[in-house]
Amino acid sequence: MENPMIFVRIATINDIKYVDEIIQETESSAIARGSGISKRTPESLAQKMRDEKAVIAITSSGEWVGFAYFEIWENEKFISNSGLIVAPKFRKSGVARAIKDRIFRISRRRYPEAKIFSITSGMAIMKMNTRLGFEPVSFAEITHDPNFWEGCKSCVNYEVLEGKKKCNCLCTAMLFDPEQHQPEAEHTFSTASYPHYFSKINPSF
């Protein structure tokens with residue numbers, strides 16, 4: 001069977017049909033890893049697509065491959081990169097890195113002065129964050145917006161977060177501070193080095 005071509009692009013209103021599949025796979029993946037997760041409603045993910053605050057990966061035949069989104073906090077002081085998920089059959093193909101690069105690049109282009117953060121318990125995402133210039137930080141260094149932490153209430157580890165007064169949890173907070181990075185060092189998300197599509201059989205992408 002021929003390997004499909006995978007397109008990584010900004011999600012639109014036409015991609016709302018994939019929302020239920022994205023949510024189901026996100027929850028299944030969290031259970032399989034034994035990790036907590038901040039659950040998202042179908043309505044919230046659909047709105048991210050309407051607002052063009054999400055990146056989606058789709059095969060040339062229209063099969064859903066992966067997804068991630070970003071959100072704005074404290075009047076554009078912070079941007080969160082969240083919800084990275086890839087369908088099981090497409091993992092280890094390079095698509096997670098492609099989605100991560102794209103959502104990060106969009107965040108940097110639209111909000112160049114914002115600090116970008118990511119909270120994760122996954123080692124693979126930590127490695128991708130590190131490659132892009134993120135560094136581990138305490139929770140005190142990311143957004144204090146109560147609406148962000150409201151989303152954590154659906155996580156099984158929320159009692160741990162509350163018990164530590166939101167200072168830390170089982171997840172690791174990572175932060176990209178644009179003031180610590182010169183423009184010439186940000187080649188990892190330049191248009192020239194980032195194609196809009198790639199083949200599943202190219203694991204080095």
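Begin by selecting Glu63, a partly exposed residue with a relative accessible area of 30%. The model on display is a predicted one. Now add Lys89 to the selection: the side chains of Glu63 and Lys89 meet in a salt bridge, at 3.3 Å from N to O. Glu63 sits in the loop between β2 (54-59) and β3 (64-73), whereas Lys89 belongs to the loop between β4 and α3. The two residues are 26 residues apart, and the pair links distant parts of the chain. Side chains of opposite charge can pair when their charged atoms come close.

Next, select Glu25 and Arg91. These two residues form a salt bridge in which the closest N and O atoms are 3.1 Å apart. Glu25 lies in helix α1 (residues 19-33) and Arg91 in the loop between β4 and α3, so this pair ties together parts that are 66 residues apart in sequence. Is Glu25 buried or exposed? Glu25 has a relative accessible area of 17%, which is under the 20% limit, and therefore counts as buried. Arg91, with 37% relative accessibility, is partly exposed.

The third stop is the pair Arg131 and Asp101. Their side chains meet in a salt bridge of 2.5 Å, N to O. Arg131 is in helix α4 and Asp101 in helix α3, 30 residues apart, and the pair links distant parts of the chain. Arg131 is partly exposed at 29% relative accessibility, while Asp101 is buried at 5%.

To complete the survey of charged pairs, select Lys48, Lys53 and Glu71, which are linked in a network of salt bridges. The structure holds six salt bridges.

Return now to Arg131 and display the whole of its helix, α4 (residues 123-132). Which residues of α4 are buried? They are Ile125, Met126, Met128, Asn129 and Leu132. These residues lie on the same side of α4, because they cover an arc of only 165 degrees around the axis. An α-helix has 3.6 residues a turn, so residues three or four places apart point the same way.

Keep the buried residues of α4 selected and show their surroundings: they pack against β4 (78-86), α3 (95-110), β5 (115-120) and β7 (172-176). Then rotate the view to the face turned away from the buried side, where the exposed residues Met123, Ala124 and Lys127 are found.

Finally, select Gly133, just after α4. Gly133 takes a positive phi of about 110 degrees.

Technical notes:
Residues numbered from 1 in each chain as written. Predicted model: local features only at pLDDT ≥ 70, side-chain atom pairs only at ≥ 80, totals over all residues. Heavy atoms only, no water. Buried < 20%, exposed > 50% of the residue type's maximum accessible area, 1.4 Å probe, protein only. Helix = DSSP H or I, 4+ residues; strand = E, 2+ residues; numbered from the N terminus. Arc of directions from axis to C-beta. Contact = heavy atoms within 4.5 Å. Salt bridge = Lys/Arg side-chain N within 4 Å of Asp/Glu carboxyl O.
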